[in-house]
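Here are some short exercises to work through with the model open beside you. Try each task on your own, then compare your steps with the solution.

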Amino acid sequence: MITRTRLAAGACALLAALAAGTAFPAGAVAGEPTGEDAPKVDLVLDVSGSMRTRDIDGGTRMAAAKQAFNEVLDATPEEVRLGIRTLGADYPGDDRKTGCKDTAQLYPVGPLDRTEAKTAVATLSPTGWTPIGPALLKAADDLDGGDGSKRIVLISDGEDTCAPLDPCEVAREIAAKGIGLTIDTLGLVPNTKMRRQLSCIAEATGGTYTSVEHTDELTDKVNQLVDRAADPVVTPVATEGADACAKAPTLKSGLYTDREEFGQQRWYRVDVEPGQELRASVSVGADRAVNPSYGVLLRAVTAHGREIVRGEAAGDGRTDVLSTGLRYPKAESDEDDAAAEAVCLQVTNSFSVASGVKTTPGLPLELTVDVVDGPGDSDDVAAFGLGRGWWLLGLLVLVGFLAGLLWGWLSRWRFAIWRTN
């Protein structure tokens, strides 16, 4: 599944389009969880030979990573179950087959013993290869089980050296499992190839990519990602859309996941009371290689088939998630017992694949539905299209007018003095 966040890369554009104030349904709150529902984070650290390079604040990349880890371990929330995995830490030789298996769990995912974890990190020394793909597969196993949030934070200074196990394909495979795991990536002193690869890994799971070139940047970003794992999460609900509005399942406010075949239409229904506003968004993820030039369409229509509003987005192969959204405010009714309107949501995609690429199961789809109280006339209608900027414009006009009067008075006074003299 895709994490709305998100909407990381393509999903972030959707949230901006929906405007500030969109309320998402409350989910499970992380308090003092124990057992399988606790949020889990696996820090995956590149310990390959290139981490010896001295180009971060006068020290080696490895020294910067160790300092950042020590500070992150001190700040990790008590409720987070944290683990550390390494790649390229043990095998110094030239045998590629052996080097590409070099990933190990340095500290198991679980309750954090800060002293033990710091001691383990202190023993690391830059050594071998960069098997990012195998490390991600193992890290996903480290986080297996439980319903809490799961996050991998990958820190690397170079691209994978163990293709054809492409890390980007590995990330897509993890996303296709629908286990709610997000991969965030951080690139140390990145180059173009590494940036492209780490961005692809993050986008495939709804995560983020960040370029860091200083120790404090690395510390701050890892801390932010670990803290994010402890934030309240929304648990998606699996649903199955229909091939027609009349057969569609009726959804309440919430987050839903589904699968949509290539070129297929999926229908869902939402009841909207007079005076309420429907806010909906959809993201479709390309969890396999797809042809460039594709699109996603989200339409809100009446039960009789009349289109109310639509949202659409197009892609050209540079992102693995395509998102769009819409808003439909239903007017107030003078009748106290006015019935709710059944609004049908239609999701259509135009993805396609080359010959030989599997088309089943369908593409992962994530649908957010939010029905809220409609906006008031006074605070939602933008005055002459300016919104709150109208007040600033009015103030500027007033200041300009007063400044003009003052300048005119001063000019006349100076002219009078000049004539007197």
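**Exercise 1. Place a tryptophan on the surface**

Task: Decide whether Trp 407 is buried or exposed, and find the patch it belongs to.

Solution: Start with the accessibility. In this predicted model, Trp 407 has a relative accessibility of 58%, so it counts as exposed, since the cut-off for that class is over 50%. Next, locate the residue: Trp 407 sits in helix H10, which covers residues 389–420. Finally, look at its surroundings. Trp 407 joins Leu 406, Trp 409, Leu 410, Trp 413 and Ile 417 in a nonpolar surface patch of about 690 Å².

**Exercise 2. Track down a charged patch**

Task: Which residues gather in a patch of negative charge on the surface, and which helix gives the most to it?

Solution: Begin by listing the members. They are Asp 57, Glu 71, Glu 213, Asp 216, Glu 217 and Asp 220. Now sort them by element: helix H8, residues 215–229, contributes the most, with 3 residues. Take Glu 217 as an example from that helix. Its relative accessible area is 35%, so Glu 217 is classed as partly exposed.

**Exercise 3. Map the disulfides**

Task: How many disulfides does a search of the whole structure find, and which cysteines pair up?

Solution: The search gives 3 disulfides. Take them in turn.

- Step one: Cys 100 and Cys 162 are bonded, with their sulfur atoms 2.0 Å apart. This pair links distant parts of the chain, 62 residues apart: Cys 100 is in the loop between helix H3 (96–99) and strand E5 (103–110), and Cys 162 is in the loop between strand E6 (150–156) and helix H6 (167–176). The S-S torsion is about -95°, so this disulfide is left-handed. Both Cys 100 and Cys 162 are buried.
- Step two: Cys 168 is joined to Cys 200, with an S to S distance of 1.5 Å. Cys 168 belongs to helix H6 and Cys 200 to helix H7 (residues 192–204), so the bond ties together parts that are 32 residues apart in sequence. Here the torsion is about -45°, so the Cys 168 and Cys 200 disulfide is left-handed. Cys 168 and Cys 200 are both buried.
- Step three: Cys 245 is joined to Cys 344, with an S to S distance of 1.7 Å. Cys 245 is in the loop between strand E9 (237–238) and strand E10 (254–260) and Cys 344 is in strand E16 (residues 341–349), so parts 99 residues apart in sequence are tied together. Cys 245 has a relative accessible area of 14% and is buried; Cys 344 is buried too, at 0%.

To finish, number the bonded cysteines in sequence order: the pairing reads 1-2, 3-4, 5-6.

**Exercise 4. Look at what is covered**

Task: Find how many residues of helix H5 are buried, then say where Val 282 lies.

Solution: Helix H5 spans residues 132–142 and is mostly covered, with 8 of its 11 residues buried. Those buried residues are Ile 132, Gly 133, Pro 134, Ala 135, Leu 136, Ala 139, Ala 140 and Asp 142. Now turn to Val 282, which is part of strand E12 (residues 276–285). Its relative accessible area is 0%, so Val 282 counts as buried. As a last step, check a contact across the sequence: Val 282 and Thr 368 are 86 residues apart along the chain, and their C-alpha atoms are separated by 6.3 Å.

**Exercise 5. Spot the unusual backbone**

Task: Which two residues does a cis peptide bond join, and what is the phi of Asp 57 and of Ser 293?

Solution: Keep the background in mind: most peptide bonds are trans, and most residues other than glycine have a negative phi.

1. The cis bond joins Thr 360 and Pro 361, with omega about -5°. Pro 361 lies in the loop between E16 and strand E17 (363–373).
2. Asp 57 is not a glycine, yet its phi is positive, about 55°. Asp 57 sits in the loop between strand E2 (54–56) and strand E3 (59–60). You met Asp 57 earlier as a member of the negative patch.
3. Ser 293 also has a positive phi, near 70°. Its place is the loop between E12 and strand E13 (294–301). With 56% relative accessibility, Ser 293 counts as exposed.

Notes. Residues are numbered from 1 along each chain as its sequence is written. This is a predicted model: local features need pLDDT of at least 70, side-chain atom pairs count only at pLDDT 80 or more; totals for chains, interfaces and linings use all residues. Side-chain values use heavy atoms; hydrogens and water are left out. Patches are made of residues with over 30% relative accessible area and no salt bridge: like charges are joined within 9 Å, nonpolar side chains (Val, Leu, Ile, Met, Phe, Trp, Tyr) within 5 Å. Accessible areas come from the Shrake-Rupley method with a 1.4 Å probe; for residues, only the protein chains shown count as cover. A salt bridge is a side-chain nitrogen of Lys or Arg within 4 Å of a carboxyl oxygen of Asp or Glu. Lys and Arg count as positive and Asp and Glu as negative; His and the chain ends are not counted. The place of a charge is taken as NZ of Lys, CZ of Arg, CG of Asp or CD of Glu. Helices (H or I, at least four residues) and strands (E, at least two) are DSSP runs, numbered from the N terminus. Buried means under 20% relative accessible area, exposed over 50%, partly exposed in between (1.4 Å probe, protein chains only). A disulfide is a pair of cysteine sulfur atoms within 2.5 Å.
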